[in-house]
Amino acid sequence: MSKRNKQNGKENESTTNGTSEIKTKQRCIGQSSGNNILEGLLQWDEEYTSKCAVFADKNSTFRPVMKLLEISCHGIPWLLATIVLILSVHQAHHIELLVNLFYGLIIDLIAISISKMAFKRSRPVHNEMDMFVTVSIDNYSFPSGHASRAGMLACFFALRALDSPTWIVFTLLWSFIVTFSRVMLGRHHLVDVICGYLLGIGEYLVLSYLWISRETSLSWLELYFSHFHL
């Protein structure tokens, strides 16, 4: 009996070890397959980014136009212009929109800062670091802050601020052109701008969920002016 028990114990141990080895091999194969997919995606991204970066050269004829598009969606001009308008307009509806626009821009800055510090992807090798007003996180490429801002602003104006179909189409076209111009200018990879634009749509959804009411917006502004006059 004791010999038979020992034999059965050895067989069970062997079966357990065999099963463990199979599971380990399966995990390794799964990880290897996942790494291969990621490497293939990054390789595709690098290849087609390089092909699309037609205005990366400083001597390119249309590079100044691309840089104007860059400034048109830069965070600092948008923040400053929004603050000035908040303090200048008088209609309650406009104040509500501008206060929420300001918070949408802040949400975008926070989301982009966290994402870039998390991924720390380098910019394309052909990028020229001659960007308009940069900070340390602008050394990183993923995701594109301009693309996320363009996506958020397009949703904001198309769904909240504009009534004219013409202006809505113009705003959407502007956001798409700004987004793709980041690749053409050599600032970003294709995946950076695609994910950035999708992130911007997500930011708008968060802003809609946290939308600040007209009454709250007006009360905040009244509070500011009461302290300002003191």
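**Exercise 1.** How many disulfides does the structure hold?

*Solution.* The model is a predicted one. A disulfide requires a pair of cysteine sulfur atoms within 2.5 Å. The structure holds zero disulfides. Two cysteines may still be classified by accessibility: Cys73 is buried because its relative accessibility is 0%, and Cys155 is buried with a relative accessible area of 16%.

**Exercise 2.** Describe the largest nonpolar core and state which helix gives the largest share of it.

*Solution.* Step one concerns membership. The largest nonpolar core has 29 residues, and those with the most contacts inside it include Met66, Leu105, Met152 and Phe156.

Step two concerns the contributing elements. Two or more residues come from each of helix 2 (63-72), helix 3 (75-86), helix 4 (92-119), helix 5 (145-161), helix 6 (165-184) and helix 7 (190-209). Helix 5 gives the largest share, seven residues.

Step three takes one core residue in detail. Beyond its neighbours up to four places away in sequence, Leu105 touches Trp78, Leu79, Thr82, Arg149, Met152 and Leu153.

**Exercise 3.** Test whether the length of helix 7 agrees with its number of residues.

*Solution.* At 1.5 Å a residue, the 20 residues of helix 7 should span 28 Å. The end C-alpha atoms of helix 7 are 29 Å apart, which agrees with this expectation. Among the buried residues of helix 7 are Asp192, Val193, Gly196, Tyr197 and Gly200.

**Exercise 4.** Is Arg121 buried or exposed, and with which side chain does the side chain of Arg121 make a polar contact?

*Solution.* Arg121 is found in the loop between helix 4 and helix 5. The cut-off for a buried residue is under 20%; Arg121 has 15% relative accessibility and therefore counts as buried. Its side chain makes a polar contact of 3.0 Å with the side chain of Asp192, a residue that is buried in helix 7. Other residues touched by Arg121 include Asp45, Glu46, Tyr140 and Phe142.

**Exercise 5.** Classify the ring pairs Trp78 with Trp174 and Phe119 with Phe142.

*Solution.* The count comes to 10 aromatic pairs. For Trp78 and Trp174, the ring centres are 6.3 Å apart and the planes lie at 50°, so the pair is tilted. This pair links helix 3 to helix 6, across 96 residues.

For Phe119 and Phe142, the centres are 4.8 Å apart and the planes lie at 75°, so the pair is edge-to-face. Phe119 lies in helix 4 and Phe142 in the loop between helix 4 and helix 5, 23 residues apart in sequence. Phe119 is exposed at 54%, whereas Phe142 is buried at 15%.

How values were computed:
Residues numbered from 1 in each chain as written. Predicted model: local features only at pLDDT ≥ 70, side-chain atom pairs only at ≥ 80, totals over all residues. Heavy atoms only, no water. Buried < 20%, exposed > 50% of the residue type's maximum accessible area, 1.4 Å probe, protein only. Core = buried A, V, L, I, M, F, W, Y, C linked by side-chain atoms within 4.5 Å. Helix = DSSP H or I, 4+ residues; strand = E, 2+ residues; numbered from the N terminus. Contact = heavy atoms within 4.5 Å. Expected span 1.5 Å × (residues − 1). Polar contact = N/O pair within 3.5 Å; in protein donor to acceptor, adjacent residues only side chain to side chain. Phe/Tyr/Trp six-rings, centres within 6.5 Å; stacked < 30°, edge-to-face > 60°.
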